[in-house]
Amino acid sequence: MRFPHGRLRRPAVLAAVVAAASAVTGLVPGTADAAPRGSAAVARLLPSAVPTPTPTPTVSATPYVMVTPAQVVVPEGGSALIYVRLSDRPSYGWVTVDSQRLSGDSDLSIGPRLLFPADRYNEWQALLVFAEEDDDATDGTATFESKISQLPGTGVAVWSAKELDNDAATPSPAPS
C-alpha cells in the first residue's frame, strides 16, 4: 500500500495497517470476535489499535542514600570499598552524594564525591575508604555519613569503618 508523499498521516497509516491485518486474519480489533468471521471458536478480546502506556519509574523529589555494607573493615595502609546508590529516581538531573567523617579515628578517610545522573540513580557506585599507616596498635573506628548535597538534612545514610591495625602491640616488661 503506497501513500502519496505529503499526504502520509499517522492515523491514516494506522487505519490502513489495522484494515490490512483484519482482512488477512479475519479478526476485528477491539471486539470480542477474535475468531475468524463466521467460525464458532472461543471468543477473546483483541487489543485495540491504541497501545496502553508503559509505566514510568517512581520519581521522588526526596530520594535517600543507600549504603552497603553498613560497616566496612579497612586494613591499615590500605583501602576498602563501600557501595552507594539512591533509593528513588530524583525529579531533577544530576545528584551529588557527599560523604564525611562525623566522628572517630582521623586515620580513616574517604574518596571523592559521587555523581548520579537521574536515569542511573539505582546503579551502585563504589566509594573508597582509606586507612592511613599510624604508629599505634589500636584498631580505630570512625562513623561517616553520606548525603545528597542538593537536599541538606534529608536522604542521609550513616555507616562506619573499622581500621584493622597491622602494628604489633608493644609488650610490657614483666615485673621482677
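Two strands are taken to pair if DSSP finds at least two bridges between them, and strands of a sheet pair through backbone hydrogen bonds, either parallel or antiparallel. In this predicted model, four strands form an open sheet in the order S2-S4-S9-S7, with antiparallel pairing. Strand S2 (65-68) and strand S7 (108-110) stand at the edges, and because each has a single partner strand, one side of each is left without a neighbour in the sheet. From one strand to the next, the twist averages 30°.

Strand S9 can be followed through its partners. S4 and S9 pair in the antiparallel sense over six bridges; within this pairing, Ile82 stands opposite Leu127 in S9, and the bridge partner of Tyr83 in S9 is Ala126. S7 and S9 also pair in the antiparallel sense, over three bridges, with Ile110 standing opposite Val129 in S9.

In a regular strand the side chains alternate between the two faces of the sheet. Along S9, Gln125, Leu127, Val129 and Ala131 point to one face and are buried, whereas Ala126, Leu128 and Phe130 point to the other and are not buried.

Two of the residues on that second face, Leu128 and Phe130, belong to a nonpolar patch on the surface, which they form together with Leu81, Tyr83 and Trp124, and which has about 430 Å² of accessible area in total. Strand S4 (79-86) and strand S9 (125-131) each supply at least two residues of this patch. Leu81, which lies in strand S4, has 36% relative accessibility and therefore counts as partly exposed, since that class lies between the buried limit of under 20% and the exposed limit of over 50%.

Note on methods:
Residues numbered from 1 in each chain as written. Predicted model: local features only at pLDDT ≥ 70, side-chain atom pairs only at ≥ 80, totals over all residues. Heavy atoms only, no water. Patch = residues over 30% accessible without salt bridge, like charges linked within 9 Å, V, L, I, M, F, W, Y side chains within 5 Å. Areas by Shrake-Rupley, 256 points an atom, 1.4 Å probe, with all protein chains shown as cover. Salt bridge = Lys/Arg side-chain N within 4 Å of Asp/Glu carboxyl O. Buried < 20%, exposed > 50% of the residue type's maximum accessible area, 1.4 Å probe, protein only. Axes fitted to C-alpha atoms, helices over the stretch in contact; angles between N-to-C directions.
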